[in-house]
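Got your viewer open? Let's take a walk through this one together, one selection at a time.

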Amino acid sequence: MIPDRKTRTIHVRDLPIGGSAPIAVQSMAATRTQDIPATLRQVHLLEEAGADLVRIAIDSKADVEALATIRAQTKARLSVDLQENYRLAALVAPFVDKLRYNPGHLHHHEKDKPVAEKVGFLVGVAKEHGLALRIGVNAGSIAPEYRLRYPDDQLEALVRSAADHCALVDAHGFSEYVVSIKDSDPRTVIDANLRFAELRPDVPLHLGVTEAGMPPDGVIKTRIAFEQLLSRGIGDTLRVSLTVPFDDKGMEIAVGRELIDDISNGRFRSVPPNFFDGLNIVACPSCSRVENNRFVDLAQDVKEMTAFATDHDLTIAVMGCRVNGPGETDDADLGLWCGPTTVNLKRGEEELGAFSYDEILGELRTALERLIAERETA
Ligand code: SF4
């Protein structure tokens, strides 16, 4: 039931991705990168669960030093997630097999430097060290120029950003890359990947529903997207993003493999009736950048506390850090993003304040009740 894919085959060290290669399953360490024993345990846990590739977040030189130690103690294929400081690529390159950059984060550093030059730098690093690249576009962090160019068409902004970055990388004669286009809504993931695959059928795709949240809803959202895409021969590697404690991260790999197996064997599940109606909780899967270890419990508490509002068509986003939290909560009706000692509460793009971890549920409930009351009287 998974047709032949038309993409070219690239390699992450010895792992082929694309073309006729098996669909690779990957995940990301949720531990602090500088907590070397914990991150090594996380890498081993994911490997034992069957991960083909493990991603690690790197934001500082101290993270790079930790990565060097981790690299020396594991043979796992490692990928690094670069966020705002793209130049860290040169430092991490000796220790990894793949680099992921987000086109939406390249404007943060060296603002006057053309994006093409920054991409050229990343490609140069990848070539020099024999690494693969991922161009990872996210709906919550679309590059400002694409948001301006397509103010009313998020899908086109996502797809054009990805396609233009492919062209920038192609211009350097480099083809060892994959693309991902992610959103927390599986319908956007389906539409964006279908549109991109028409434009660039040669480029391997990394599939994922980002911030899918807690099981079982997070698994259902992911299944909806993967069934529609993999059954059309779209998708060469994938990650299932679930908000679970880091000791349970193997679940992401197990669910990914189960979905591939089900879709390969024609075992499709119909979408539960009215799945997209009512309250939607979006939550990030957590990573090294989580600001407070209470994040996963907080996401679960939010789900339980808001159960009274299940019938209301609202989205509440719960994010673990300041790197992606502020942007990725903009589209939610109510958003929370975690700081070290406080949680920031937003209503749409409006900041409502920062509250302690003990206060935040009460504040969220007040904001939610007010929002529901306003809608009912509107
Ligand atoms: Fe990591 Fe922050 Fe993204 Fe959560 S929102 S997965 S903590 S980068």
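First, a bit of vocabulary: helices (H or I, at least four residues) and strands (E, at least two) are DSSP runs, numbered from the N terminus. Residues are numbered from 1 along each chain as its sequence is written. What you see is a predicted model, where local features need pLDDT of at least 70, side-chain atom pairs count only at pLDDT 80 or more, and totals for chains, interfaces and linings use all residues.

Start by selecting residues 115-129: that's helix H4, and Leu122 is in it. Now pick Leu122 alone. Is Leu122 buried or exposed? It's buried, because 26 other C-beta atoms lie within 10 Å (20 or more means buried, 12 or fewer exposed, in between partly exposed, with C-beta atoms placed from the backbone).

Next, add Tyr86, Ala89, Leu99, Tyr101 and Leu133, which Leu122 touches if you skip residues up to four places away in sequence. Touching here means C-beta atoms, placed from the backbone, within 7 Å. Try a distance too: from Leu122 to Pro103 is 12 Å, C-alpha to C-alpha, with their positions 19 residues apart in sequence.

Now hop over to the ligand. Select the residues around it, among them Cys284, Arg289, Met319 and Asn324; they count if the C-beta atom, placed from the backbone, lies within 6 Å.

Finally, zoom out to the whole protein chain. It has twelve helices and 15 strands, and its C-alpha atoms fill a box of roughly 60 × 45 × 45 Å along the principal axes. Of its 378 residues, 48% are buried.

How values were computed: Two residues are in contact if their C-beta atoms, placed from the backbone, lie within 7 Å.
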